[in-house]
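Let's take a walk through this protein model together. Have the sequence and the 3D view side by side as you read.

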Amino acid sequence: MTTLRKLLLVGALLGAGAGVGTALFALVTPGEERKQAMLKEMPEQYPQRRDEAARTKELLLATLQEAAATQENVAWRKNWMSGGGGGRSA
């Protein structure tokens, strides 16, 4: 009988915790209008920022391709965009 009582108490506490968590989540999440406003304000909406992000991705991809093609440890380079030299090798 004591075990059943403890199990019911634990179940009630877990259920209450889940209920409180769900209620807080519902209170904190933004509404649909706020979501649309946030999407309009995202940096990727501006052409200059979008071009900058694309250029950064290109440079990163080029660095990864070079690292895959060479035995040099490109992580030790002072300037990752320079070719070879400048740093220690693995």
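How sure is the predictor here? The mean pLDDT of the protein chain is 82, and 86% of its residues reach 70 or more; pLDDT is the predictor's confidence in each residue, from 0 to 100. Do keep in mind that this is a predicted model, where local features need pLDDT of at least 70, side-chain atom pairs count only at pLDDT 80 or more, and totals for chains, interfaces and linings use all residues. Residues are numbered from 1 along each chain as its sequence is written, and side-chain values use heavy atoms, with hydrogens and water left out.

On to the fold. The protein chain has three helices and zero strands, so the pattern along the sequence reads α-α-α (helices are DSSP runs of H or I with at least four residues, strands are runs of E with at least two, numbered from the N terminus). Confidence is highest in helix α1 (residues 2–28), at a mean of 93, and lowest in helix α2 (residues 32–41), at 85.

Now for the surface. Of the 90 residues of the protein chain, 4% count as buried, meaning under 20% relative accessible area, with exposed being over 50% and partly exposed in between (1.4 Å probe, protein chains only). The chain exposes about 8000 Å², and carbon and sulfur atoms supply 63% of that; the areas come from the Shrake-Rupley method with a 1.4 Å probe.

Helix α1 fits this picture: among its 27 residues, the count of buried ones is zero. Its end C-alpha atoms are 39 Å apart, in agreement with the 39 Å expected at 1.5 Å a residue (1.5 Å times one less than the number of residues). V28 lies in this helix and counts as exposed, at 67% relative accessibility. Together with V20, L24 and L27, V28 forms a nonpolar surface patch of about 440 Å² accessible area; such patches take residues with over 30% relative accessible area and no salt bridge, nonpolar side chains (Val, Leu, Ile, Met, Phe, Trp, Tyr) being joined within 5 Å.

Finally, charge pairing. The count comes to one salt bridge, defined as a side-chain nitrogen of Lys or Arg within 4 Å of a carboxyl oxygen of Asp or Glu. E58 and R55 form it, with their closest N and O atoms 3.8 Å apart. Why can these two meet? They sit three residues apart in helix α3 (residues 47–69), which means about one helical turn separates them.

Technical notes. Patch = residues over 30% accessible without salt bridge, like charges linked within 9 Å, V, L, I, M, F, W, Y side chains within 5 Å.
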